[in-house]
Amino acid sequence: MEFNVRRLAADAGTFLSRAVQFTEEKFGQAEKTELDAHLETLLSRAESTKHWTEKIMKQTEVLLQPNPNVRVEEFLYEMLDKKVPMRANNHELLGECMIDSGHEFGPGTAHGSALIKCGETEKLLGSAEKELIQSSAINFLTPFRNFIEGDFKTILKERKLLQNKRLDLDAAKNRLKKARVADARSAAETELRIAQSEFDRQAEITRLLLEGISSTHAHHLRCLNDFVDAQAAYYAQCYRYMVNLQKQLGRLAHFYISGHLFVIFIQNAIFPSTFSNNNQQAGSTRKARVLYDYDAASSSELSLLADEVITVSSVPGMDTDWLMGQRGNQKGKVPFTYLELLN
């Protein structure tokens, strides 16, 4: 108990001595030991590294999750050490909406089929975006955050100790200057030697930590490369998805036009009195290759298998998005957007 009281008294005395030294320095009433230029440069570089690391982290988080409310929610889950619930992103929500509308309009229609294909691609884009966010969080944001919350906090702690040791050193110098009695000067000189030794040791510890910033920069460079690689892979994947979608929609547009022309062609052959005499010799059926599997939605439709060849024809009064398909003895309506008309 007595030891603890003496220690508390000593700590209070040290704190008071530092406070007096700091105040006198502020008013220009006491000398201040300056850190060497190299150490000051290292301290400045560490502060700059911390400043830009935090800014880059913040802007990266905004890039990956533009919604501030979601960012706050994810932060709270992280603080509570709980797993963030999975939620559909904007691409996936749009994809679901397109797919639902496509099914309502009818997957056999050009419009419905196009909506479904766009929706499926949007969901693929959403999945790719989630992979980018996960990869960036692990390989880029986490190392940056570890520096701020780990290495830099250690630097701050040691820099604070260095500041205290510097105040102790300068306070010891001032006491030596003010000492007049021989015994007091001897005690002050001993105190100064101890303070100088502790300051030098703490300066060396701080310097070694600060020089480690070079390793931090090298590590952050590797993380930056990982982030760029993840972005490159993401955008390349998105480009492939969109090019494939363009091709599919292009085929749909082609088949929509050619299908309608073929319907007119068939109708012209079946009902020659309705059209000009120049088209009366045209045939009434045509071969078509199936592009995609299709499951019949009713008994009036014909199920299709990709790559099979069937015979198609027009039926008066039938929706122009459909043709009558025949495979052997099986017969039923088929969506022309699933077909490639053969010569």
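Helices and strands in these entries are DSSP runs, numbered from the N terminus, with at least four residues for a helix and at least two for a strand.

**Entry 1. Overall layout**

I began by reading the secondary structure along the sequence of this predicted model, and the pattern I wrote down was α-α-α-α-α-α-α-β-β-β-β-β. In total I have seven helices and five strands. I then looked up burial and found that buried residues make up 34% of the 343 residues in the protein. For the contacts with a separation of 6 or more, I noted that 66% are between residues 24 or more positions apart.

**Entry 2. Helix α2 against helix α6**

I turned next to helix packing, for which the angle between two axes and the distance between them serve as the description. How do the axes of α2 and α6 cross? Helix α2 covers residues 37-64 and helix α6 covers residues 182-211, and I found that their axes come within 9 Å and cross at roughly 45°. An angle between 35 and 65 degrees falls outside the parallel and perpendicular classes, and α2 and α6 are therefore oblique to each other. I recorded the crossing of α2 with α6 as left-handed.

I then listed the residues that make this contact: α2 contributes His38, Leu39, Leu42, Leu43, Arg45 and Ala46, while α6 contributes Ala203, Arg207, Leu210 and Glu211. Sorted by class, the residues of the contact of α2 with α6 are six nonpolar, one polar and three charged.

**Entry 3. Helix α5 against helix α6**

For α5 and α6 I noted a packing angle of about 160°, with the axes 8 Å apart. Because an angle over 145 degrees counts as roughly antiparallel, I entered α5 as roughly antiparallel to α6. The crossing of α5 and α6 is left-handed. I also looked up the make-up of the contact of α5 with α6, which has 14 nonpolar, four polar and 11 charged residues.

**Entry 4. Salt bridges within α6**

My search for salt bridges returned a count of 12, and I followed several of them individually. The side chains of Glu204 and Arg207 form one, with an N to O distance of 2.2 Å. Why are Glu204 and Arg207 separated by about one helical turn? They are three residues apart in helix α6, which accounts for that spacing. Glu204 has 36% relative accessibility and so counts as partly exposed, and Arg207, at 22% relative accessibility, also counts as partly exposed. I then found that Glu204 and Arg207 belong to a network of salt bridges that includes Glu211. Arg207 and Glu211 had already come up in my list for the contact of α2 with α6.

**Entry 5. Salt bridges between separate elements**

Which side chain does Lys123 meet in a salt bridge? I found Glu96 as the partner, at 2.7 Å from N to O. The two lie in distant parts of the chain, 27 residues apart, with Lys123 in helix α5 (residues 110-178) and Glu96 in helix α4 (residues 90-105). I checked exposure for both: Lys123 is partly exposed at 32% relative accessibility, and Glu96 is partly exposed at 36%.

Among the strands, I looked at Arg289 and Glu340, which form a salt bridge whose closest N and O atoms are 3.7 Å apart. Arg289 is in strand β1 (residues 285-290) and Glu340 in strand β5 (residues 339-341), so this pair ties together parts that are 51 residues apart in sequence. The relative accessible area of Arg289 is 31%, so Arg289 counts as partly exposed, and Glu340, at 30% relative accessibility, is partly exposed as well.

**Entry 6. Two single residues**

I looked up His111 and placed it in helix α5. Is His111 buried or partly exposed? With a relative accessible area of 47%, His111 is partly exposed. I also took the C-alpha to C-alpha distance from His111 to Ser101, which comes to 9.6 Å for a pair 10 residues apart in sequence.

The last residue I looked up was Asp307, whose phi is near 80°, a positive value in a residue other than glycine. Asp307 sits in the loop between β1 and β2, the latter being residues 309-313. At 60% relative accessibility, I entered Asp307 as exposed.

Technical notes:
Residues are numbered from 1 along each chain as its sequence is written. This is a predicted model: local features need pLDDT of at least 70, side-chain atom pairs count only at pLDDT 80 or more; totals for chains, interfaces and linings use all residues. Side-chain values use heavy atoms; hydrogens and water are left out. Axes are lines fitted to C-alpha atoms, for helices over the stretch in contact, and angles run from 0 to 180 degrees between N-to-C directions. Angles under 35 degrees count as roughly parallel, over 145 as roughly antiparallel, 65 to 115 as roughly perpendicular and the rest as oblique. A crossing is left-handed if the near helix is turned anticlockwise from the far one by less than a right angle, and right-handed if clockwise. Contact means heavy atoms within 4.5 Å. Ala, Val, Leu, Ile, Met, Phe, Trp, Tyr, Cys and Pro count as nonpolar, Asp, Glu, Lys and Arg as charged, and the others, Gly among them, as polar. A salt bridge is a side-chain nitrogen of Lys or Arg within 4 Å of a carboxyl oxygen of Asp or Glu. Buried means under 20% relative accessible area, exposed over 50%, partly exposed in between (1.4 Å probe, protein chains only).
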